[in-house]
Amino acid sequence: MAVLTILKYPDDRLRTTAQPIKKVNTTIQKIIDNMFETMNFENGIGLAATQVNIPFQIIVINHIPEFEKPFVLINPKIIKKSGNMSIEEGCLSIPNYQALIPRSSDIIVTALNYFGKRVKIKATSLLAICIQHEIDHLIGKLLIDYPSNLNKNYNTHTKYIK
């Protein structure tokens, strides 16, 4: 496995819209393995393929109390949302920055897993927020795109947390 380079804001490649994966094969599985290695190396809890300059709809998640094991979502689609919550979110692509982002507190997601099998996951709390955050990356949306009292003061030259 290899540690990949995480793109940092304001890199324009973070605005890439990811493409769906037609077939999960050993090449895709190797990308996923490398994404897990990268995320763990950086002490993250979630990582989208677009953050490592791979334009595919893949997210990996680990270290969430609700889920004891790491997991992957390929071509994730949120099919149901309810509730509201916000926490201060951080991002591996925007170091030293946090923002309060309005999110749904409960979601249901369909996706393919590591082996290409269709899965349906009910997520709440931190897991729901993490999935929504990573899906945002797949459409080129970043924390700084949300209106927030915290991100009004972000300056790319002085990484600032209010």
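Which strands do the buried residues of α2 pack against? Keep that question in mind while the tour begins, and remember throughout that the model on the screen is a predicted one.

**First stop: helix α2**

Select residues 125-138, which form helix α2. The buried residues of this helix pack against β1 (46-48), β2 (58-61), β3 (71-82), β4, β6 (106-112) and β7 (118-124), and showing these strands together with the helix gives the answer to the opening question. Because twelve of the 14 residues of α2 are buried, the helix is largely enclosed by the rest of the structure. To see which residues these are, colour Leu127, Ala128, Ile129, Cys130, Ile131, Gln132, His133, Glu134, Ile135, Asp136, His137 and Leu138, the buried residues of the helix.

If your viewer can draw distances, join the end C-alpha atoms of α2: they are 21 Å apart, which agrees with the 20 Å that 14 residues should span at 1.5 Å a residue. Just after the helix, select Gly140, which takes a positive phi of about 80°.

**Second stop: the annotated binding site**

Next select Cys91, His133 and His137, which the UniProt annotation "binding site", from an unreviewed entry, covers. These residues are spread over 47 residues of sequence, yet they cluster in space, with a largest C-alpha distance of 10.2 Å. Of this set, His133 and His137 are taken in by the lining of the largest cavity.

Turn to Cys91, which has its place in strand β4 (residues 88-91). With a relative accessible area of 11%, under the 20% limit, Cys91 counts as buried. Beyond its neighbours within four places in sequence, Cys91 is in contact with Gln51, Tyr97, His133, His137 and Leu143, and this list includes the two histidines of the annotated site.

Now move to His137, in helix α2, which is buried at 2% relative accessibility. Leaving aside neighbours within four places in sequence, show the contacts of His137, which are Leu14, Thr16, Ala48, Thr50, Gln51, Cys91 and Leu142.

**Third stop: the annotated active site**

Staying in helix α2, select Glu134, the residue covered by the UniProt annotation "active site", again from an unreviewed entry. Glu134 is buried, with a relative accessible area of 4%. Not counting residues up to four places away in sequence, Glu134 touches Gly46, Leu47, Ala48, Gln51 and Ile59.

**Fourth stop: Ser93 and the segment before α1**

Select Ser93, which lies in the loop between β4 and β5 (94-100). Is Ser93 buried or exposed? Ser93 is buried, with a relative accessible area of 0%. With residues up to four places away in sequence left out, Ser93 touches Ile6, Leu7, Lys8, Tyr9, Leu14 and Gln51.

One of those contacts, Tyr9, leads to the next selection, since a cis peptide bond with omega of about 20° joins Tyr9 and Pro10. Pro10 itself is in the segment before α1 (26-41).

**Fifth stop: two asparagines with positive phi**

Select Asn53 in the loop between β1 and β2, where a positive phi of about 60° is found although the residue is not a glycine. Asn53 is partly exposed, at 39% relative accessibility. Then select Asn96 in strand β5, which is likewise not a glycine and has a positive phi of about 60°.

**Last stop: rings, and the loop between β6 and β7**

Select Asn113, in the loop between β6 and β7, which is buried with a relative accessible area of 18%. Apart from its neighbours within four places in sequence, Asn113 is in contact with Val24, Val72, Ile74 and Val119.

Now show the side chains of Tyr114 and Phe115, keeping in mind that a pair of aromatic rings is described by the distance of the centres and the angle of the planes. The structure holds one aromatic pair: the rings of Tyr114 and Phe115 have centres 5.1 Å apart and planes at 80°, so this pair is edge-to-face. Tyr114 is partly exposed, with a relative accessible area of 22%, whereas Phe115 counts as exposed at 65%.

To finish, select Lys141 and Tyr146, where Lys141 lies over the face of the Tyr146 ring, at 4.2 Å from the ring centre.

Conventions
Residues are numbered from 1 along each chain as its sequence is written. This is a predicted model: local features need pLDDT of at least 70, side-chain atom pairs count only at pLDDT 80 or more; totals for chains, interfaces and linings use all residues. Side-chain values use heavy atoms; hydrogens and water are left out. UniProt positions are given in the numbering used here, feature names are shortened, and annotations may be inferred rather than shown by experiment. On a 1 Å grid over the protein atoms alone, a cavity is a set of points where a 1.4 Å probe fits but cannot get out, and a pocket is an open set with protein on both sides within 12 Å along at least five of seven lines; lining residues have an atom within 4 Å of a point. Helices (H or I, at least four residues) and strands (E, at least two) are DSSP runs, numbered from the N terminus. Buried means under 20% relative accessible area, exposed over 50%, partly exposed in between (1.4 Å probe, protein chains only). Contact means heavy atoms within 4.5 Å. Rings of Phe, Tyr and Trp (its six-membered ring) pair if their centres lie within 6.5 Å; planes under 30 degrees apart count as stacked, over 60 as edge-to-face and the rest as tilted. A charge sits over a ring if NZ of Lys or CZ of Arg is within 6 Å of the ring centre and within 35 degrees of the ring normal. The expected span of a helix is 1.5 Å times one less than its number of residues.
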